[in-house]
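This report describes selected local features of one protein structure. The topics are a pocket, two cores, a helix and a single side chain.

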Amino acid sequence: MTDGLRKGLTSYGDAGFSLFLRKAFIKAMGYSDDALDRPIVGITNTYSDYNPCHGNVPQIIEAAKRGVMLSGAMPFVFPTISIAESFAHPTSMYLRNLMAMDTEEMIRAQPMDSVIVIGGCDKTLPAQIMAAVSADLPTVVIPVGPMVVGHHRGEVLGACTDCRRLWAKYRAGEIDDGEIEAVSGRLAPSVGTCMVMGTASTMACITEALGLSLPMSATIPAPHAERFRLAEASGKVAAAMAAAKGPRPSELLTKSAFRNAQVVLQAIGGSTNGLIHLTAIAHRTPHRIDLETFDKLGREVPVLIDLKPSGQHYMEHFHHAGGVPRLLAQLGDLVDLDARTIEGKTLRQVAAAAEDVPGQDAIRPRQMPIKPEGGLAVLRGNLAPRGAVIKYSAATAKLLQHTGRAVVFESVEDMTLRLDDPALDVTADDVLVLRNAGPKGAPGMPEAGYLPIPKRLARAGVKDMVRISDARMSGTAFGTIVLHITPESAIGGPLALVKNGDMIRLDVERRSIDLLVDEGELKRRSAALKSAAAPPWASRGYAHLFNEAVLQADEGCDFDFMRAKGKG
Ligand code: FES
């Protein structure tokens, strides 16, 4: 028997001795033989003093352990890397693959029959799901849940759409030092993840749609008692999965499960980062995310969730309106309701059990959508041969067809230094271009794609401009912003060829982004590009590995050697 404590014995050349030694040592923790003979549920601990989004993880762990033990199994908590968005240098994305490797290897290395991964801050759920998919052990995901909303001068506030909106007001001189200080104490009033439809909320909703977590797990606010009851219930499910040896991620993550996730990503007006993470998860399976299919879904699937930054509400309102189960019920035949969940239920059963909340307006019916089309579009053109993405549900309608003069910034540092220079030659009709901010260029594809409006223009009342880059953008941000231009400029992508004053045409209806410079001139510019030597930051360690192996955005920015063989 190779279950429980007998799984994956450390190699000493004598299996009996390996088990004897393992038991002898673990008994130092005070466990009885009865406890050690039970099926084991591993539970990740991503609590960190640096990660306020995960501030409720200790309580979630306690509740999950209770659920496991109530079901007769044995919980073992183990630590993994924790990544908090605003505490990760150079970027959290740079560390996502490290967390995925750490989590996968610790799941593989230690004896467990199922695993509960607890995460939430932007890159953590993607990393944990990538790990779980590769380890292919029965897995239950418990998101930490969103923060509750804040209040300021009679207005409801949320991290971090309102962080950006109010910081833009501060830059424009509309609010003063005292007020911005007061706001900083009100934007994040509890532990939990950003409570708008940013990357954390997007990934939690996608996880629920993929059937990897229990119904309502994406939306219950982080401090609510309901979240800890959900954790207890998740513990029970994980214990049942340990005994049944399934379902495994490979049984749940089918082609239609990935299609469902894409439909939900569009219908929630989800984060552009969600597309990269979903692509990375799919690359760990035989399935793939095809950008053209994703874009086509966007034309068919309306945005039904009225949450910032595309709409008005916050995650707790989505929760009280019925959460993801109610969304699935509204989506109806747009999703494959026969897809299965960790409980062995179908999404049809989940949707049928959804609460119908009279008078709620956070989850719209299909005949009354927030936007008739989905939130994200994939663009192509001579600037982005392998694609770029725009969250047009959060863009300015009149800028969706726009031709303007390029104002180029060579790097994030260059942009920071020159953007507010009063002498910068820039008008509201120009297109701000940021390059060398892709997966390898920055490195780690920072969320710098939300270039601020130059101060001079902001003070004159300019609220939005077309901005393009090979960077990412926080899911909490908004504006007419083209991201993930692929291939990135640091590896010679066409974005590297743009010069100040070139004309750039964006046409979202046609799904195009083009540099209006003739082909001969582009060839000349391309020939003059110097081939990039390995950057100094990549000389050793994880940085070296990252620079050698990271894939472009259209392939999910995973490491090339972590992918599973695809079915195409
Ligand atoms: Fe952690 Fe937003 S900073 S989810």
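Which helix supplies the largest share of the lining of the largest pocket? Helix 6 does, with nine residues. The model under discussion is predicted, and every value below is computed from it.

**The largest pocket**

The space in the largest pocket amounts to about 920 Å³. Its lining consists of 34 residues, and those nearest the centre are Arg164, Trp167, Ala168, Tyr450 and Pro452. Helix 6 spans 161-171 and helix 17 spans 412-418; each of them supplies at least two lining residues.

**Nonpolar cores**

In soluble globular proteins, nonpolar side chains tend to be buried together. The largest nonpolar core here comprises 119 residues, and the members with the most contacts inside it are Ile116, Ile118, Ile142, Cys205, Leu210, Phe318 and Leu331. Helix 9 (residues 225-244) contributes the largest share of this core, eight residues. A second core, separate from this one, has 28 residues, including Ala388, Ile390, Val431 and Val517.

Leucine 210 can be followed further. Leaving aside residues up to four places away in sequence, leucine 210 touches Leu252, Leu253, Ala257, Phe258, Ala261, Leu278 and Arg340. Of these partners, Leu278 is among the buried residues of helix 12.

**Helix 12**

Helix 12 covers residues 272-283, and its end C-alpha atoms are 17 Å apart. This agrees with expectation, because twelve residues at 1.5 Å a residue should span 16 Å. The helix is mostly covered, with twelve of its twelve residues buried; among them are Asn273, His277 and His283. At the N-terminal end, serine 271 acts as a cap through a side-chain oxygen placed against the backbone nitrogen of asparagine 273.

**Threonine 124**

Is threonine 124 buried or exposed? Its relative accessible area is 0%, which is under the 20% limit, so threonine 124 is buried. This residue belongs to helix 5 (residues 124-135). Its side chain reaches two backbone atoms, the nitrogen of glycine 120 and the oxygen of cysteine 121. When residues up to four places away in sequence are not counted, threonine 124 touches His54, Ile83, Met99 and Gly119.

The side-chain to backbone distances are collected below.

| Side chain | Backbone atom | Distance |
|---|---|---|
| Serine 271 (oxygen) | Nitrogen of asparagine 273 | 2.9 Å |
| Threonine 124 | Nitrogen of glycine 120 | 2.7 Å |
| Threonine 124 | Oxygen of cysteine 121 | 2.6 Å |

Notes: Residues numbered from 1 in each chain as written. Predicted model: local features only at pLDDT ≥ 70, side-chain atom pairs only at ≥ 80, totals over all residues. Heavy atoms only, no water. Helix = DSSP H or I, 4+ residues; strand = E, 2+ residues; numbered from the N terminus. Expected span 1.5 Å × (residues − 1). Buried < 20%, exposed > 50% of the residue type's maximum accessible area, 1.4 Å probe, protein only. Polar contact = N/O pair within 3.5 Å; in protein donor to acceptor, adjacent residues only side chain to side chain. Contact = heavy atoms within 4.5 Å. Core = buried A, V, L, I, M, F, W, Y, C linked by side-chain atoms within 4.5 Å. 1 Å grid on protein atoms, 1.4 Å probe; cavity = no way out; pocket = protein on both sides within 12 Å on 5 of 7 lines; lining within 4 Å. Points joined across faces, edges and corners; volume = space filled by probe spheres on them.
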